[in-house]
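Colleague: I would like to go through this model with you. Could we begin with the strands and then turn to the links between side chains?

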Amino acid sequence: MKRLSMLLVSGALAVSAHAVDWSKVSESQTGSIFSLDLESIEGSDINIIDEKDVENITVSIRRTYPTQTNEPKEDNAKKDNAKKDNIHHSDQQLLISCKDASYYRRAYVNYGAKDKVLASWQSEKPILTTKDFKTTTPNTVGRTLVEQACENYEQAEETA
């Protein structure tokens, strides 16, 4: 069952892993680069049971971790925890509510060198409520990603 789940997650994110339209949105203080797959942004038909008439969007994001260096171990420990697992990048699929700048992570795949899958996860929740969403904080990478995805979606809708 775990293998099937991993295949489903990999399949769900396969398009984003090979996307040609990654757009850098932000860089964290630790050097991670956050990008949106502009081609993946689309309206979602997933209903949130306690919120009617709200259009949510889905988007694929990528976090690329900084390249490891041969720093002393105590310095490395202070940096991103992902380095200990040798994660090169992580692709995630988010369900976003532009109304309140919140998101629900639907799936992720962590990749090592040469796009080797290190870990994956896919939500098994059949029904979502607003309590499942994480509201982003202003002036953070998360808020910047959500706002950029929403802005790109709105622009695409206006030109369609």
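Modeller: Two strands pair if DSSP finds at least two bridges between them. Helices (H or I, at least four residues) and strands (E, at least two) are DSSP runs, numbered from the N terminus. This is a predicted model, in which local features need pLDDT of at least 70 and side-chain atom pairs count only at pLDDT 80 or more, while totals for chains, interfaces and linings use all residues. Residues are numbered from 1 along each chain as its sequence is written, and side-chain values use heavy atoms, with hydrogens and water left out.

Colleague: In which sense do E4 and E5 pair, and over how many bridges?

Modeller: E4 and E5 are antiparallel, with nine bridges. Isoleucine 57 stands opposite isoleucine 96 in E5.

Colleague: And what about E5 and E6?

Modeller: E5 also pairs with strand E6 (residues 102–111) in the antiparallel sense, over nine bridges. Glutamine 92 has tyrosine 108 in E6 as its bridge partner. Four residues lie between the strands of this hairpin, where alanine 101 takes a positive phi near 55°.

Colleague: Is E5 largely enclosed or open?

Modeller: Nine of the nine residues of E5 are buried, so the strand is largely enclosed by the rest of the structure. Buried means under 20% relative accessible area, exposed over 50%, and partly exposed in between (1.4 Å probe, protein chains only). Both faces are covered, with His89 and Leu95 among the buried residues on one side and Ser90 and Leu94 among those on the other.

Colleague: What does serine 97 touch?

Modeller: Serine 97, in strand E5, is buried at a relative accessible area of 3%. Leaving aside neighbours within four places in sequence, serine 97 is in contact (heavy atoms within 4.5 Å) with Val54, Asn56, Ser102 and Phe133.

Colleague: Which elements supply the largest nonpolar core?

Modeller: A nonpolar core is a set of buried Ala, Val, Leu, Ile, Met, Phe, Trp, Tyr and Cys residues joined through side-chain atoms within 4.5 Å. The largest has 14 residues, and Leu36, Ile41, Ile57, Val59, Ile61, Ile96 and Ala149 touch the most other members. Strand E2 (33–37), strand E4 (56–64), strand E5 (89–97) and helix H3 (141–159) each supply at least two residues. The largest share, five residues, comes from H3. A second, separate core of five residues includes Ile48, Leu95, Tyr104 and Leu128.

Colleague: New topic: how many disulfides are there?

Modeller: There is one disulfide, a term for a pair of cysteine sulfur atoms within 2.5 Å. Cysteine 98 is joined to cysteine 150, S to S 2.0 Å. Cysteine 98 is in the loop between E5 and E6 and cysteine 150 in helix H3, 52 residues apart. Cysteine 98 is partly exposed at 25% relative accessibility, whereas cysteine 150 is buried at 6%.

Colleague: And how many salt bridges?

Modeller: The structure holds five salt bridges, each a side-chain nitrogen of Lys or Arg within 4 Å of a carboxyl oxygen of Asp or Glu. One of them joins glutamate 51 to lysine 99, with the closest N and O atoms 2.7 Å apart. Glutamate 51 lies in the loop between strand E3 (42–43) and E4 and lysine 99 in the loop between E5 and E6, so the pair ties together parts that are 48 residues apart in sequence.

Colleague: Lastly, what is the average pLDDT?

Modeller: The chain averages a pLDDT (the predictor's confidence in each residue, from 0 to 100) of 85, and 78% of the residues score at least 70. Over residues 1–8, pLDDT stays under 50.
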